[in-house]
Amino acid sequence: MLTLRNMEKAKEEERWVLCPSCGSKTRVKIRKDTVIEKFPLFCPKCKKEFLINIREFELEVITEKKEGEIAESQDI
Ligand SMILES: [Zn+2]
C-alpha cells in the first residue's frame, strides 16, 4: 500500500548525476525510478560527453567522447 509517507520519501530520492570521469555534478537530475538509455551526458568540467545508461542510480558508461569529437556529425 502506498501511503503518503512513502510518496514523500520517494520524492526525496533524487540525485544529481555525477560525471563518470571526474565525479563532479552534472546538470542532470534523476530519481530512483528513472531509467535512462543511451543518454548523452555532458560534463561541463572535463568537457567530455559520455553515452550512458542509468537504472536505479546505477550509471553505466557506453562510450566516451572527447571534446573534438563531439562536432563530428556536421559533415553532410
Ligand atoms: Zn567530468
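User: Strands, E, are DSSP runs of at least two residues, numbered from the N terminus. With that in mind, where is the place of lysine 47?

Analyst: The model is a predicted one. Two strands, E3 and E4, pair in the antiparallel sense over 7 bridges. Lysine 47 is not part of either strand run; its place is in the loop between E3 and E4.

User: What phi does lysine 47 take in the hairpin of E3 and E4?

Analyst: Most residues other than glycine have a negative phi. Lysine 47 is not a glycine, yet its phi is positive. The hairpin has 4 residues between the strands, and in it lysine 47 takes a phi near 50 degrees.

User: Is lysine 47 buried or exposed?

Analyst: A residue counts as exposed if 12 or fewer other C-beta atoms lie within 10 Å of its own. Lysine 47 has 11 such atoms within 10 Å, so the class is exposed.

User: What is the pattern of the chain, read along the sequence?

Analyst: The chain has 1 helix and 5 strands. Read along the sequence, the helix comes before the strands, and the pattern is α-β-β-β-β-β.

User: How many bridges join strand E1 and E2?

Analyst: Strand E1 covers residues 14-18, and its pairing with E2 is antiparallel. One of the pairs sets arginine 15 against its bridge partner isoleucine 30 in E2. The two strands form a hairpin with 6 residues between them, where glycine 23 in the turn has a positive phi of about 80 degrees. The number of bridges between E1 and E2 is 4.

User: In which loop does threonine 34 lie, and is it buried, partly exposed or exposed?

Analyst: Strand E2 spans 25-31 and strand E3 spans 35-43, and threonine 34 lies in the loop between E2 and E3. The partly exposed class sits between the exposed limit of 12 or fewer and the buried limit of 20 or more C-beta atoms within 10 Å. Threonine 34 has 16 other C-beta atoms within 10 Å, so it is partly exposed.

User: What distance separates the C-alpha atoms of threonine 34 and glutamate 14?

Analyst: Along the chain, threonine 34 and glutamate 14 are 20 residues apart. In space, their C-alpha atoms are separated by 9.3 Å.

User: Which residue in E4 is the bridge partner of phenylalanine 39?

Analyst: Strand E4 covers residues 48-55 and pairs with E3 in the antiparallel sense. Within that pairing, phenylalanine 39 has as its bridge partner in E4 isoleucine 52.

User: In what order do the strands of the open sheet stand, and which strands are at the edges?

Analyst: The open sheet is made of 3 strands in antiparallel pairing, with the order E3-E4-E5. Each edge strand has a single partner, so one side of it has no neighbour in the sheet; the edges are E3 and E5 (58-65).

User: By how many degrees are neighbouring strands of this sheet turned against each other on average?

Analyst: The order of the strands is E3-E4-E5. With direction ignored, the average turn between neighbouring strands of this sheet is 25 degrees.

User: Which residue in E5 does glutamate 49 stand opposite?

Analyst: E4 and E5 pair in the antiparallel sense over 7 bridges. Glutamate 49 lies in E4 and is partly exposed, with 17 other C-beta atoms within 10 Å. Opposite glutamate 49 in E5 stands lysine 65.

User: Is lysine 65 buried, partly exposed or exposed?

Analyst: Lysine 65 is found in strand E5. Its C-alpha atom and that of lysine 47, 18 residues apart along the chain, are separated by 9.3 Å. Because 14 other C-beta atoms lie within 10 Å, lysine 65 is partly exposed.

User: Of the 8 residues of E5, what number is buried?

Analyst: Being buried takes 20 or more other C-beta atoms within 10 Å. E5 lies largely in the open because the number of its residues that are buried is 0.

User: What phi does glutamate 56 take in the hairpin of E4 and E5?

Analyst: Glutamate 56 is found in the loop between E4 and E5. With 11 C-beta neighbours inside 10 Å, glutamate 56 counts as exposed. The hairpin has 2 residues between the strands, and glutamate 56 takes there a positive phi near 50 degrees.

User: What percentage of the residues of the chain count as buried?

Analyst: Residues 24 or more positions apart account for 23% of the contacts in the chain with a separation of 6 or more. The chain has 76 residues, and the share that counts as buried is 7%.

Conventions
Residues numbered from 1 in each chain as written. Predicted model: local features only at pLDDT ≥ 70, side-chain atom pairs only at ≥ 80, totals over all residues. Pairing = 2+ DSSP bridges. Axes fitted to C-alpha atoms, helices over the stretch in contact; angles between N-to-C directions. Contact = placed C-beta atoms within 7 Å.
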